[in-house]
Structure formats: C-alpha cells, structure tokens
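Here is a walk through one model, meant to be read with the viewer open. Have a look at the chain, then follow along below.

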Amino acid sequence: FVDGNVPQMRDTNWLSFSSNYPNTPMLFQSNSRRHGGPRLDWGAWVEVPTSSAEGVQFGDKAVQIDQWRIKQFDDNHLSITHSNGVVGRVYRSDGYTFTSNSYSGYITQLGEPSCAYVSENYIRVGDWRIGQIGDHLAITHITGHTAMYYTNDGYHYYGLKYEPNSWLSGEGSVLQGSAENCNPYHDVETYVQIGSSFRLSYMLGG
C-alpha cells in the first residue's frame with residue numbers, strides 16, 4: 001500500500017517490512033529473531049517475494065501472508081506469528097511491545113473475514129492499523145497509542161507514543177478483506193471551553 005510492503009521473502013521463514021526507497025527497516029525470522037535496518041536487502045521492491053496457492057488470506061481480525069499471520073489476539077494485543085507457532089512480536093494497546101509465544105495467532109483458526117482488510121494507506125486488523133503516515137509506517141491501536149513505527153530510510157522506533165498515528169490518515173476503501181464488525185473510530189474533541197479565552201483539555205503526550 002502506497003510506499004510500504006509487508007511480504008514473505010525468499011522462503012517461508014522470513015517476513016519483511018520494506019519501503020520502496022528501497023530500504024528494509026525490519027525483517028522477522030521464523031525462530032523469533034528480528035533483524036532491524038537500515039538494510040538494502042530483503043526488500044519486496046527490489047526482490048521478488050514468495051508466492052503461494054492461497055495468496056493473502058483474510059480471517060477473523062487476522063491477515064495471513066502464506067506462513068505468517070498478523071492477528072488481534074484479544075482486545076489489547078496484536079501479534080505476528082509464524083505457522084510453527086513462534087511469535088515474532090506482540091504489540092500492546094498501551095504502546096508496549098514484547099515477544100511471547102503465548103500470544104500465537106495460530107491458537108485459533110483463521111476464521112471467516114471479519115474486520116481485516118487492506119486499504120489505500122493501511123491494513124486494518126481488528127482495533128489496529130498498520131498504516132503509512134508521511135514517511136512512517138506506524139502500528140497503532142484504536143486508542144491512539146503507537147507501539148512501533150518504521151521509517152522509509154530503514155530505521156525502526158519503539159512506540160509508547162501517540163505519534164505517528166496511523167488512524168489519522170482517514171477512512172479508506174476496502175480493497176481486499178472485510179470491514180464487517182469493526183469498531184468505529186471516534187476522532188472527537190476532548191476539551192471543555194470556558195468563556196472565549198480558556199480551554200481545559202486532555203493532550204496527547206510525546
């Protein structure tokens with residue numbers, strides 16, 4: 001989508017987050033190792049990703065790319081899991097990230113497509129978006145916490161932040177998958193105005 005790509009590379013053991021500049025900010029391996037960028041190899045814009053008979057599949061709050069599954073595990077967690085049950089990364093709704101095989105996306109069946117789709121600027125998986133904001137690819141929960149973001153020059157940064165926020169790119173069309181049963185995103189004003197000169201407001205932190 002736009003300048004980002006999330007393909008399976010070379011064989012079924014590798015999943016790449018790559019930009020078209022071309023840089024690869026993150027590479028996941030099926031043994032739970034992660035290889036951060038910047039790096040010019042393993043990029044889907046300069047190398048040919050793998051192919052499979054099923055292609056990309058959409059399930060119940062899950063997207064499966066051959067042997068890799070990106071799934072909302074519960075209300076607060078999103079995981080990236082290989083079909084061998086090894087979890088590459090877990091993203092939590094408060095912006096924290098960690099690794100634990102207890103959050104495997106393969107614990108349940110893929111299921112019927114429900115709130116899992118790709119749009120012009122993002123992939124939505126349940127209450128999460130993996131989306132492009134400017135020169136960044138951000139993994140953001142619907143509450144506004146960004147757990148991880150990647151830059152087009154090949155770097156990655158841990159979140160615990162509200163910016164960049166992939167929910168601020170607006171609603172896009174459903175190009176593949178299904179938007180059924182998705183929770184609505186409410187971008188509402190969170191302040192009380194007192195007279196014409198003052199406001200009491202909740203402010204997003206850095």
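Residues 1–5 have pLDDT under 50 throughout, and the model gives this stretch 28 contacts beyond four places in sequence. Residues 202–206 also stay under 50, with six contacts beyond four places in sequence. Keep in mind that this is a predicted model. Where pLDDT is low, the predicted coordinates should not be read in detail. For the protein chain, the mean pLDDT is 84, and 81% of the residues reach 70 or more.

Now to the sheet. Six strands make up an open sheet in the order E5-E6-E7-E8-E9-E10, and the pairing is antiparallel. The edges are E5 and E10 (97–98), each of which pairs on one side only.

Let's go through the pairings from E6 onward. E6 covers residues 62–65 and pairs with E7 over four bridges, in the antiparallel sense. One position to click on is Gln64, which stands opposite Arg69 in E7. The two strands form a hairpin with two residues between them.

E7 itself spans residues 68–74 and is mostly covered, with five of its seven residues buried. On to its pairing with E8 (residues 77–82): six bridges join the two strands, again antiparallel. Here too a hairpin makes the connection, through two residues. If you want to trace the register by eye, three partners help: Trp68 stands opposite His82, Arg69 faces Thr81, and Gln72 has Leu78 as its bridge partner.

How many of the residues of E8 are buried? Six of its six are, so the strand counts as mostly covered, buried being under 20% relative accessible area. His77, Ser79 and Thr81 point one way from E8, while Leu78, Ile80 and His82 point the other way, and all are buried.

E8 then pairs with E9 (residues 87–92) through five bridges, and these strands run antiparallel as well. Ile80 has Arg89 as its bridge partner in E9. The hairpin of E8 and E9 has four residues between the strands, and Gly85 there takes a positive phi near 95°.

Next, some backbone oddities. Most residues other than glycine have a negative phi, and most peptide bonds are trans. Two residues other than glycine with a positive phi are worth a click, and they are set side by side here.

| Residue | Phi | Relative accessible area | Place |
|---|---|---|---|
| Ser32 | near 80° | 27% | loop between E3 (23–29) and E4 |
| Asp66 | about 55° | 15% | loop between E6 and E7 |

Is each of them buried or partly exposed? Ser32 has a relative accessible area of 27%, so it is partly exposed. Asp66 comes out at 15%, so it is buried. Asp66 also sits in the turn of the E6 and E7 hairpin, so you will have passed it already on the way along the sheet.

There is a peptide bond to check as well. The bond from Gly37 to Pro38 is cis, with omega near 5°. Pro38 lies in the loop between E4 (34–36) and E5 (56–59), and E5 is one of the edge strands of the sheet.

Finally, the aromatic side chains. The count of aromatic pairs comes to eight. Phe73, Tyr96, Phe98 and Tyr103 are linked into a cluster by ring pairs. Two members can be placed on the sheet: Phe73 falls within the residues of E7, and Phe98 within those of E10.

Which residue has Arg69 lying over its ring face? That would be Tyr106, with Arg69 at 4.1 Å from the ring centre. Arg69 is the residue that stands opposite Gln64 in the E6 pairing and opposite Thr81 in E8. A second charge over a ring involves Arg129, whose charged end sits over Tyr122, 3.7 Å from the centre of the ring.

Definitions and conventions. Residues are numbered from 1 along each chain as its sequence is written. Side-chain values use heavy atoms; hydrogens and water are left out. Buried means under 20% relative accessible area, exposed over 50%, partly exposed in between (1.4 Å probe, protein chains only). Two strands pair if DSSP finds at least two bridges between them. Rings of Phe, Tyr and Trp (its six-membered ring) pair if their centres lie within 6.5 Å; planes under 30 degrees apart count as stacked, over 60 as edge-to-face and the rest as tilted. A charge sits over a ring if NZ of Lys or CZ of Arg is within 6 Å of the ring centre and within 35 degrees of the ring normal. pLDDT is the predictor's confidence in each residue, from 0 to 100. Contact means heavy atoms within 4.5 Å.
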